[in-house]
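This report is meant to be read beside the sequence and the coordinates. Please keep both open while working through the sections.

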Amino acid sequence: MHLQDFYITEFQDDLVNWFLENQRELPWRMSKDPYRVWVSEIMLQQTRVDTVIPYYNAFMREFPTLEALAEAEEDRILKAWEGLGYYSRVRNLQTAVREVVEQYEGRVPDTREEISSLKGVGPYTAGAVLSIAYGKPEPAVDGNVMRVLSRVLLVEEDIAKASTRKIFENILYDLVSKDDPSSFNQGLMELGALICTPTSPGCLLCPVREHCRAYDHGKQNDLPIKSKKKKQTAKQMAAVVLRNERGEVLIEKRPETGLLARLWQFPNVEVTDGRSVEEHFQASYDIEVVLDEPIQKVEHVFSHLIWNITVYEAQVSGQPDGGQATRKWIPVKDIEKYAFPVSHQKIIQKSLL
């Protein structure tokens, strides 16, 4: 139904030619090496291109090959990823890269079945690597691509639903260029990034405007249809920069699984009831502290959650361990060796540097 009376070949030619002439110079486009394409696609999930560029360059300098990443200690890869967020991405990437080194002799698989079996490789990443690195006519459907095709083909399905992604994947098996799937898929992504943007699409500059059904019907601003996400939950937190007599600070490693797993942070508690922060701290850490006025307030927004963190400073005598092996006292000069979430990097910037 969607491709009936649609000039597929002309659309492919217009899109690919526009991409080849207008593509941005991005570091991951310098090479078709599957490992480099893969790393870039994982970094680009839920992260803007201009944010990713310096991270990508630094990451490739530190881990230039699959083998280098496979052999790296987790603390090193978390430090290299520090600030990018969604840290499970890089843990899954390392797990998958180790499997490629061990099971596939260091060659990234070139079939959808094999590459999709790797940890953290979903349908989009699989399609992107297969088409860009290996030139295979495979669909790569992300939010950008769904937005573009919703408009071009006047698809009025809710793109927040998983079933809608399947609709676009099925369309793309027919629509993707068989001659240059790499430029076609990247062209769709580039079009979504530069011209067919979420608000105020630049239709007058669009290379495929004459193919666009939404433009013909004046509906380009009404598409795609996307249902609203649930409202974020706000949590009130308190964090303490705790110093001992030697000037060291107490840090702790977050739990093995869950949000921001295995990153380092300052001792902190959720403030939930009428108890004071000192009482919360005593209950959670078994350390008695006296807190003065807050030194800082930090807000950090996740996709589903908002942390409102009030930051305090305190001094203790001795070196109480706070009751757990995952906590340790470190000299302030060593703080840069540890990977912290962005919210706690803000505390470091204000209180320790």
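The text below goes from the overall fold to aromatic pairs, cysteines, enclosed spaces and two individual residues.

**Overall picture**

The structure discussed here is a predicted model, and every value in this report was computed from it. The protein has 353 residues, of which 49% count as buried, and its secondary structure comes to 14 helices and 7 strands. Taken along the principal axes, the C-alpha atoms fill a box of roughly 75 × 50 × 30 Å. Among the contacts in the protein with a separation of 6 or more, 68% are accounted for by residues 24 or more positions apart.

**Aromatic pairs**

A pair of aromatic rings is described by the distance of the centres and the angle of the planes. With ring centres required to lie within 6.5 Å, the count comes to 9 aromatic pairs. Two of these pairs are set out in the table.

| Pair | Geometry | Centre to centre | Angle between planes |
|---|---|---|---|
| Trp-264 and Tyr-338 | edge-to-face | 5.2 Å | 75° |
| Phe-281 and Tyr-285 | stacked | 4.6 Å | 15° |

The pair of Trp-264 and Tyr-338 links distant parts of the chain, the two residues being 74 residues apart. Trp-264 belongs to strand E3 (residues 264–265), whereas Tyr-338 sits in the loop between strand E7 (327–330) and helix H14 (342–351). Both Trp-264 and Tyr-338 are buried.

The pair of Phe-281 and Tyr-285, by contrast, lies within helix H13 (residues 277–285), where the two residues are 4 residues apart, about one turn of the helix. Phe-281 counts as buried because its relative accessibility is 0%, and Tyr-285 is buried too, with a relative accessible area of 3%. Elsewhere, Phe-6, Phe-11 and Phe-184 form one aromatic cluster.

**Cysteines and disulfides**

A disulfide is a covalent bond between the sulfur atoms of two cysteines. How many disulfides does a search of the whole structure find? The search finds 0 disulfides. Cys-196 illustrates this result: the closest cysteine sulfur to its own is that of Cys-206, at 6.3 Å, and therefore too far for a bond. Seen from the other side, the sulfur of Cys-206 has that of Cys-196 as its closest cysteine sulfur, again at 6.3 Å and too far for a bond. The cut-off for a disulfide is 2.5 Å between the sulfur atoms.

Cys-196, at 10% relative accessibility, counts as buried, and Cys-206 is likewise counted as buried, at 18% relative accessibility. The cut-off for this class is under 20% relative accessible area.

**Cavity and pocket**

Cys-196 and Cys-206 return in the description of the enclosed space, since both are named among the residues nearest the centre of the largest cavity, together with Pro-201, Cys-203 and Cys-212. The structure holds 1 cavity of 30 Å³ or more, and about 110 Å³ of space lies in the largest cavity. Its lining consists of 15 residues, and by class these are 11 nonpolar, 2 polar and 2 charged. The largest share of this lining, 3 residues, comes from helix H9 (residues 143–152).

The second largest pocket has a volume of about 180 Å³. Its lining residues divide into 3 nonpolar, 4 polar and 4 charged. The lining includes Met-237, Pro-255 and Trp-307, as well as Glu-252, Lys-253, Arg-254 and Arg-327. Gln-265, Asn-268, Gln-324 and Thr-326 also take part in lining this pocket.

**Two individual residues**

Thr-197 lies in the loop between helix H11 (181–194) and helix H12 (213–217). Is Thr-197 buried or exposed? Thr-197 is buried, because its relative accessible area is 18% and the cut-off for buried is under 20%. Leaving aside residues up to four places away in sequence, Thr-197 touches Arg-147, Arg-151 and Gly-192.

Ile-8 has its place in helix H1 (residues 8–22). With a relative accessible area of 24%, Ile-8 is partly exposed, a class that lies between buried, under 20%, and exposed, over 50%. Which residues does Ile-8 touch, not counting residues up to four places away in sequence? Ile-8 touches Leu-3, Asp-174 and Leu-175. Of these contacts, the one with Leu-175 joins residues 167 apart in sequence, whose C-alpha atoms are 6.3 Å apart in space.

Methods. Residues are numbered from 1 along each chain as its sequence is written. This is a predicted model: local features need pLDDT of at least 70, side-chain atom pairs count only at pLDDT 80 or more; totals for chains, interfaces and linings use all residues. Side-chain values use heavy atoms; hydrogens and water are left out. Rings of Phe, Tyr and Trp (its six-membered ring) pair if their centres lie within 6.5 Å; planes under 30 degrees apart count as stacked, over 60 as edge-to-face and the rest as tilted. Buried means under 20% relative accessible area, exposed over 50%, partly exposed in between (1.4 Å probe, protein chains only). On a 1 Å grid over the protein atoms alone, a cavity is a set of points where a 1.4 Å probe fits but cannot get out, and a pocket is an open set with protein on both sides within 12 Å along at least five of seven lines; lining residues have an atom within 4 Å of a point. Grid points are joined across faces, edges and corners, and a volume is the space filled by probe spheres set on the points. Ala, Val, Leu, Ile, Met, Phe, Trp, Tyr, Cys and Pro count as nonpolar, Asp, Glu, Lys and Arg as charged, and the others, Gly among them, as polar. Contact means heavy atoms within 4.5 Å.
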